[in-house]
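Biologist: I should like a close look at a single part of this predicted model, namely its aromatic pairs. Please describe them in detail, and then place them in their surroundings.

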Amino acid sequence: MPAIITVMTAGVNMVASEVELRERDEAAIPAPLGEEEFRAFYERTARPVWAYLRRITGDEHLADDFLQEAYYRFYRSTTVHESESHRRNYLYRIATNLVRDHARRHRHGYDVSLPESDDPNEPRDEANAPHHVDDRMDLGRAMSRMEPLQRELLWLAYAQGSSHEEIASVVGVNKGSVKSLLYRARRKLATLLHSSEPQGDTND
Amino acid sequence: MTEIACERELETLAAMSDGTWPDRCGEDLRAHVAACPSCAEMTVVAGALLDDRTEAFSRAALPSSGLMWWRMQFRSRQERARAATITVAIIQAAAFVAVLAIAIVGMAVFSPSTSHSLNPFTDFASFQAIFKTAVASAVQWGVPLIFAFAAWVTLAPVIVWMAVTED
């Protein structure tokens, strides 16, 4: 009897200690963002993150999925953020890693299925269309020929305006390498954009 | 080929980002970009990317912050419940195995029909004596013990679930 009761007591104690440990862990770990803080952070960052995901994956639906997953992982993380910038970079790093992991699992090599064409039902306003509209359509095709890392670098540097240090922390390269990698990526994209200038567009 | 960027690239990029390029920025900057291949190249690339970003902002159909918050909470709660279930299952399995092992060893040691074949056990006289006492007590307390065990197996998951779920 003592042995069996000991076993049962040990089982209950294990359960209780598990619960206690979890409560202690949750108290020690910096609490996740509160609702107001999270919602404000989301409203500030969701569109830029989605735009980033959309361009580096070339798929709006994937961008939707990755956006949600990125915010959930960010929400559940225990990382202490020193500043808003640090918090934002951390979110971008999560998003970048999600895309890379997805590509590895599906062995797509992260080839971008681009571009999503302009909505054919959307009325065209030729008079007021920005003169970059052809560059934008060509941007999709040009980016599809870039390496994944190059897409990330270019977007973060020029569309997002991130510093080299921020870029390095997001994409996981040495800070000293960012400048040269970015330079080469920019040259390549510029060449592709110039070579894909319209010569009598037939998209109608 | 030099990889040294022009020192005015950042200034040019800033003007593009805040919308002052090219019409509302200084003539000096425009003249510089016209003459600088690096900055000219940068305006082509950055212009395309910034336009794409603007277009993406207008296309994005994102869930509201309230909906996203609710999804975070719901999923978090689901994962906690799943973790608690796994923990309880492991403990129950361990307890069951322990009890079963004790029962099997006890039957093996004290069964008249088998004890003669378990020579290694009969050599450990003290071990046998202790175990005999334990099993005798178990037999005496058998019924209450079974009820207690059944109650624990039934109630433990409920208690743990109540403990780990939030209000």
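**Aromatic pairs and their surroundings**

Modeller: Counted over all chains of this predicted model, the structure contains eleven aromatic pairs. One of them is formed by Phe38(A) and Tyr75(A), whose ring centres lie 5.9 Å from each other and whose planes meet at 80°, an edge-to-face arrangement. This pair links distant parts of the chain, since its partners are 37 residues apart: Phe38(A) belongs to helix H2 (residues 35–57) of chain A, and Tyr75(A) to helix H3 (residues 60–76) of chain A. Phe38(A) has a relative accessibility of 0% and therefore counts as buried. Tyr75(A) is likewise classed as buried, because its relative accessible area, 9%, falls under the 20% cut-off.

A second pair brings in another helix. Phe74(A) and Tyr90(A) are tilted with respect to each other, with 6.3 Å centre to centre and 50° between the planes. Here too, distant parts of the chain are linked: Phe74(A) lies in helix H3 of chain A and Tyr90(A) in helix H4 (residues 84–106) of chain A, 16 residues apart. Both Phe74(A) and Tyr90(A) are buried. The edge-to-face label of the Phe38(A) and Tyr75(A) pair goes with its angle of 80°, whereas the tilted label of the Phe74(A) and Tyr90(A) pair goes with 50°.

These four residues belong to one aromatic cluster, which also includes Phe41(A), Tyr42(A), Tyr71(A) and, from chain B, Trp69(B). Phe41(A) has a charged neighbour as well: Arg87(A) is placed over the face of its ring, at 5.8 Å from the ring centre.

Helix H4 of chain A, which holds Tyr90(A), is also the place of Leu98(A). With a relative accessible area of 6%, Leu98(A) is buried. Apart from its neighbours within four places in sequence, Leu98(A) is in contact with Phe66(A), Glu69(A), Ala70(A) and Arg73(A). The C-alpha atom of Leu98(A) is separated by 9.4 Å from that of Leu67(A), a residue 31 places away along the chain.

The chain as a whole gives the setting for these details. Chain A is made of eight helices and has zero strands. Of its 204 residues, 43% count as buried. When contacts between residues at least 6 apart in sequence are considered, 68% of those in chain A join residues at least 24 apart. The accessible surface of chain A amounts to about 11100 Å², and carbon and sulfur atoms account for 48% of that area.

Chain B, which supplies Trp69(B) to the cluster, has two further features to note. A nonpolar surface patch of about 510 Å² is formed there by Phe96(B), Val97(B), Leu100(B), Ile104(B) and Met107(B). Of these residues, Ile104(B) sits in helix H4 (residues 65–110) of chain B, and its relative accessible area of 47% makes it partly exposed. Elsewhere in chain B, Trp21(B) and Pro22(B) are joined by a cis peptide bond, with omega at about -5°. Pro22(B) is located in the loop between helix H1 (9–17) and helix H2 (27–35) of chain B. In general, most peptide bonds are trans.

Note on methods
Residues numbered from 1 in each chain as written. Chains lettered and ligands numbered in written order. Predicted model: local features only at pLDDT ≥ 70, side-chain atom pairs only at ≥ 80, totals over all residues. Heavy atoms only, no water. Patch = residues over 30% accessible without salt bridge, like charges linked within 9 Å, V, L, I, M, F, W, Y side chains within 5 Å. Areas by Shrake-Rupley, 256 points an atom, 1.4 Å probe, with all protein chains shown as cover. Salt bridge = Lys/Arg side-chain N within 4 Å of Asp/Glu carboxyl O. Helix = DSSP H or I, 4+ residues; strand = E, 2+ residues; numbered from the N terminus. Buried < 20%, exposed > 50% of the residue type's maximum accessible area, 1.4 Å probe, protein only. Contact = heavy atoms within 4.5 Å. Phe/Tyr/Trp six-rings, centres within 6.5 Å; stacked < 30°, edge-to-face > 60°. Lys NZ or Arg CZ within 6 Å of the ring centre and 35° of its normal.
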